[in-house]
Every structure is written in structure tokens, then in C-alpha cells.
2 protein chains.
Amino acid sequence: MQEADRGLKKGMAIMPGKDQISMTVVRRLPRYYRFLYGLKRDGVVRISSRELAVHMGLTASQIRQDLNCFGGFGQQGYGYSVEQLHAEIGHILGVNDPSPAVIIGIGNMGRAIGNYMDFDDRGVHITALFDYSEEVVGQVIRGMMVQPMGTAADYCRENGTKIAILCIPTSSAPEIVTLLINAGVKAFWNFTGYDVAYHHPETVAENVHLNDSLMTLSYSLRKRETDEADAI
Amino acid sequence: MQEADRGLKKGMAIMPGKDQISMTVVRRLPRYYRFLYGLKRDGVVRISSRELAVHMGLTASQIRQDLNCFGGFGQQGYGYSVEQLHAEIGHILGVNDPSPAVIIGIGNMGRAIGNYMDFDDRGVHITALFDYSEEVVGQVIRGMMVQPMGTAADYCRENGTKIAILCIPTSSAPEIVTLLINAGVKAFWNFTGYDVAYHHPETVAENVHLNDSLMTLSYSLRKRETDEADAI
DNA sequence: TAGATTGTTAATCGATTAACAATC
DNA sequence: TAGATTGTTAATCGATTAACAATC
């Protein structure tokens with residue numbers, strides 16, 4: 001008697017050759033990529049899993065396991081070519097082939113994201129911005145004019161946009177997400193509290209829950225201080 | 001022969017009663033908190049782990065395990081009191097007793113964070129803002145005047161500030177972090193690429209790696225599309 | 001009391017670490 | 001060749017799920 005049936009999950013889409021890479025591993029790739037970029041910039045040519053582990057605070061085993069999910073990038077007795085490994089991981093992450101994306105909501109967060117991020121180096125290319133407010137519509141950010149929210153779904157449909165970045169209040173999210181999905185959007189970078197993945201499991205969603213992250217920090221600090229007080 | 005000695009980790013600070021709560025569990029608490037708030041607002045009085053599981057896309061077992069790390073908040077045959085559970089988790093997260101914090105760097109991100117977040121409901125209270133730029137110093141955000149970065153460490157020392165929110169470029173992070181730690185700062189909410197936890201393991205750090213998050217989304221979308229193409 | 005649901009122990013699953021044969 | 005280091009298999013560890021006795 002299973003307690004909750006979460007529907008398809010386990011063997012969905014069992015591919016022929018390469019089997020499913022766990023998200024645990026995928027989430028470490030950007031960090032490898034970042035680190036290898038630094039080594040490359042500093043002129044380091046080769047590195048062993050052991051050295052990399054020391055620098056990154058991981059174990060050499062883990063690094064070898066992670067990289068081997070995607071193929072044998074190393075050479076026995078030598079290690080890994082920094083340049084090649086950097087390029088391979090970049091390729092896996094798709095940084096050379098950016099997908100077009102739109103920002104939904106140009107409040108403080110949308111504006112910060114729009115101005116601050118180096119999107120093109122991350123596999124994403126911003127093509128349009130949308131907002132509800134008449135005051136914001138028409139403003140120019142990064143050379144792009146903010147367009148009325150009502151036109152967002154049509155824009156995505158006409159341009160085949162696959163990624164939407166949600167920087168709207170949580171309460172506005174359910175409606176616009178449905179419209180966007182109907183217009184062909186497949187992936188959401190979600191800054192709202194709305195659980196896109198739960199309500200639309202057919203899409204890809206990556207959440208940035210800043211409130212949750214801050215509360216975790218708050219917990220950890222209190223915990224640390226309590227433990228220190230107890231230890232005396 | 002261990003491959004990399006990551007120093008203390010396992011049995012550090014073995015407390016008498018309550019044993020170490022895993023971060024996996026802690027990171028779920030804000031989501032429970034958020035969800036229970038919604039239920040409370042909607043007038044729901046009691047809820048079973050099974051109902052909660054269905055609504056949140058978890059298993060009832062997991063919810064009961066998680067909550068039992070902190071004590072028996074439920075009642076057999078009845079379930080959990082929404083109001084009580086919400087209050088208990090809020091208490092665990094320390095939302096009633098906010099810690100003072102400063103924002104280091106008032107660029108796009110610092111400004112967005114400063115304007116957008118409901119800090120006081122998350123256990124954190126912003127008391128000061130700092131920036132390097134002369135243009136930014138003196139600006140008023142949320143009723144607070146931005147102060148020169150050179151005064152940040154002294155401010156924290158004098159006011160006993162324990163939390164710093166890092167919204168500066170990665171390259172500026174190492175220096176200011178050291179200054180802040182020397183001034184008594186214990187916790188960092190880190191928006192930079194600098195690995196605070198690695199370089200200063202004695203502190204508490206919570207990272208928000210927006211670039212990494214975006215790259216993960218980019219990977220997942222490509223993966224999804226490739227799988228769908230292969231499946232045809 | 002009977003039904004429901006927790007708290008908790010046991011079983012399973014997945015991720016990390018260790019070990020080592022293959023090989024550069 | 002000898003030394004180094006990978007790729008990969010086996011062992012361990014931790015987190016999730018299942019099961020069920022306790023109890024409201």
C-alpha cells in the first residue's frame with residue numbers, strides 16, 4: 001500500500017545509450033565549469049581529480065564519478081586537460097547555443113535580473129521584457145523596450161520562445177504561466193512562490209526561492225550560536 | 001587511505017538531547033512554513049500528513065519524519081493543528097526574533113534585494129546599506145541612506161551585526177569578507193561566486209548562485225527537448 | 001469501542017566514498 | 001619500465017519510503 005502516488009517518475013523515458021543523469025550531478029556542473037574557467041584563465045593546462053578535489057572541497061572519487069556520467073574526459077596517468085574539460089562541460093550545459101527567453105515582470109527583481117546577469121554566457125538569450133504596469137511599459141532596459149504583459153503569450157507563440165523568467169508576484173503566476181504554456185513555453189526560471197513544477201509537471205522549472213534561502217540562513221546562524229552557547 | 005580530508009564534519013558538536021538535523025530537512029522547513037501559512041489563511045484548522053503530502057507533492061512518511069526531528073507536533077488519530085504547526089516551524093526558523101543584517105553592495109542586485117524582500121518576516125532585519133561608489137553613497141533605499149563601504153566593518157563591529165548580504169562582484173568578495181569576519185560577522189547570504197564557506201569554514205554561508213541555477217535550467221530544457229526528439 | 005493517524009522502527013533506494021585493475 | 005591517475009566496481013553512508021504498533 002503506497003502512501004502517495006506521484007505518478008510517472010522512475011523509468012520514464014529510458015533512453016537507449018546514456019541513462020538518466022541525476023540532478024544532483026547536473027547541479028554540480030556549473031560549479032566545475034566556473035572553476036575550470038578560472039584555472040584556464042590562470043594558465044593551468046592539466047589537473048588531476050585529486051588536485052581539483054582539494055581546490056573545490058570535494059572528493060576525487062566524486063569528481064571522477066561525476067565526469068564519467070558524460071564520458072571519459074580524462075587520461076590515465078595524466079589527469080584532465082583543463083581547456084578540454086571546460087569546453088566539454090560548457091557543451092553539456094549548452095552555453096554555446098543559447099535559447100531565447102523573456103522576462104515576465106519588470107519590478108525590482110526583473111530589473112535586477114535583466115541588468116545584472118550575463119545571460120548569453122549561460123545558455124540563455126533575453127529577447128523581450130513584459131510588465132503589467134503602464135508606467136513600466138515603454139521603459140528601456142538593456143536596449144529592450146518593456147512591452148505590455150497582455151502581449152507576452154502572443155510574442156512567445158510567434159517567436160517560438162521556450163523559456164520564461166518569472167519575476168512577478170506569486171499571486172499573478174498561475175494565470176500567466178498557463179497562458180505561456182499554451183503559447184509553447186517549456187521552461188520557467190521561477191522567482192515566485194508558485195509551484196510551477198507541481199501544477200505543470202510537463203514543463204521544466206528551476207526555482208529561486210530567495211525567501212526560503214534567507215530563512216535557512218537565519219536558522220543556521222541561530223543554530224550555530226545556540227550550539228556555541230551550549231558548548232561553554 | 002582516505003582521498004581528501006575535509007577536516008571536522010561528522011561528530012562535531014554532539015549535543016546532549018537533540019542530535020544534528022540534516023540540512024536536507026532544514027531546507028524543507030521554509031516550504032512547510034509557507035504552505036501552512038496558506039492553509040491557515042484559508043481557515044483550515046487541522047491537516048493530516050497524508051493530506052499535506054498530496055498538496056505538496058511529498059510523501060506522508062517524509063513529512064512525519066521531518067516534523068519529528070523537532071518533536072511530536074501531531075496527535076494520533078487527528079493529525080496536526082495548522083495554526084500550531086505553523087507557529088512551531090516559525091519558531092524553529094526564528095522568524096519572531098529577527099537578527100540584524102547589512103547589505104554589502106547596492107548595485108542592481110543589492111537594490112532589488114533591499115527593495116523586494118520581506119526581510120522582517122524571514123528572521124532578518126536590515127539595518128544598514130553599504131556601497132563603494134560615490135554616486136550610490138547617500139542614496140536612500142527603504143528609508144536607509146547608503147553608507148561608504150569603508151565604514152561597513154566598523155559599523156558591524158560597533159553594532160554587533162552578525163549577518164552580511166553580499167551583493168558585490170565576486171572579485172571584491174575575498175577582501176571585504178575577511179574584514180567583516182574580523183569585525184564579528186558570522187553569517188553570509190552570498191550572491192557572489194566567491195566560496196565563503198570553503199575559505200571561512202567557521203562561518204555560516206548560504207549561497208544564491210543565480211548563474212548556476214540558470215545554467216541548470218538551460219541544461220534541463222535541452223535535455224527535455226533532446227529526449228522528446230529521440231522518443232519520436 | 002472503532003477508525004484514524006501519528007511516531008518510530010525497518011527496508012529500500014540513491015549518492016558518496018573507497019578500492020583497485022586498467023592504462024597512459 | 002615505473003609512477004601516476006583514470007574509469008569503474010564494491011562498500012558505506014544517508015535519505016526516503018514502507019510498515020506497523022501505539023494511542024488519540
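What share of the atoms of DNA strand D within 4 Å of the protein belongs to sugar or phosphate, and what share to bases? In this predicted model, 59% belong to sugar or phosphate, and the rest belong to bases.

**View 1. Residues surround DNA strand D.** The strand has 31 residues around it. The closest include A:Ser49 and A:Tyr80 from chain A. From chain B, the closest are B:Ser61, B:Gln65 and B:Gln75. By kind, the residues of this surface divide into four nonpolar, 20 polar and seven charged.

**View 2. Backbone atoms of the protein meet oxygens of DNA strand D.** Look for three pairs of atoms. A polar backbone atom of A:Phe73 lies 3.3 Å from a phosphate oxygen. At A:Gly77, a polar backbone atom is 3.0 Å from a sugar or linking oxygen. B:Gln76 places a polar backbone atom 3.5 Å from a base oxygen.

**View 3. Helix α4 of each chain helps form the surface near DNA strand D.** Two elements give two or more residues to this surface: α4 (60-68) of chain A and α4 (60-68) of chain B. The largest share comes from α4(B), with four residues.

**View 4. Chain A can be laid on chain B.** The move is a turn of 180° with a shift of 0.0 Å along the axis. The RMSD is 0.0 Å. The two copies are therefore related as by a two-fold rotation axis. In chain A, the C-alpha nearest this axis belongs to A:Ala112, at 2.9 Å.

**View 5. The copies meet through the same surface.** Why is this so? Because 98% of the interface residues of chain A are also interface residues in chain B.

Conventions:
Residues are numbered from 1 along each chain as its sequence is written. Chains are lettered from A and ligands numbered from 1 in the order in which they are written. This is a predicted model: local features need pLDDT of at least 70, side-chain atom pairs count only at pLDDT 80 or more; totals for chains, interfaces and linings use all residues. Side-chain values use heavy atoms; hydrogens and water are left out. A residue is near a molecule or strand if one of its heavy atoms lies within 4 Å of it. A polar contact is a pair of N or O atoms within 3.5 Å; within protein, one must be able to donate a hydrogen and the other to accept it, and residues adjacent in sequence count only if both atoms are side-chain atoms. Ala, Val, Leu, Ile, Met, Phe, Trp, Tyr, Cys and Pro count as nonpolar, Asp, Glu, Lys and Arg as charged, and the others, Gly among them, as polar. Copies are superposed by least squares on the C-alpha atoms of residues with pLDDT of at least 70 in both. Contact means heavy atoms within 4.5 Å.
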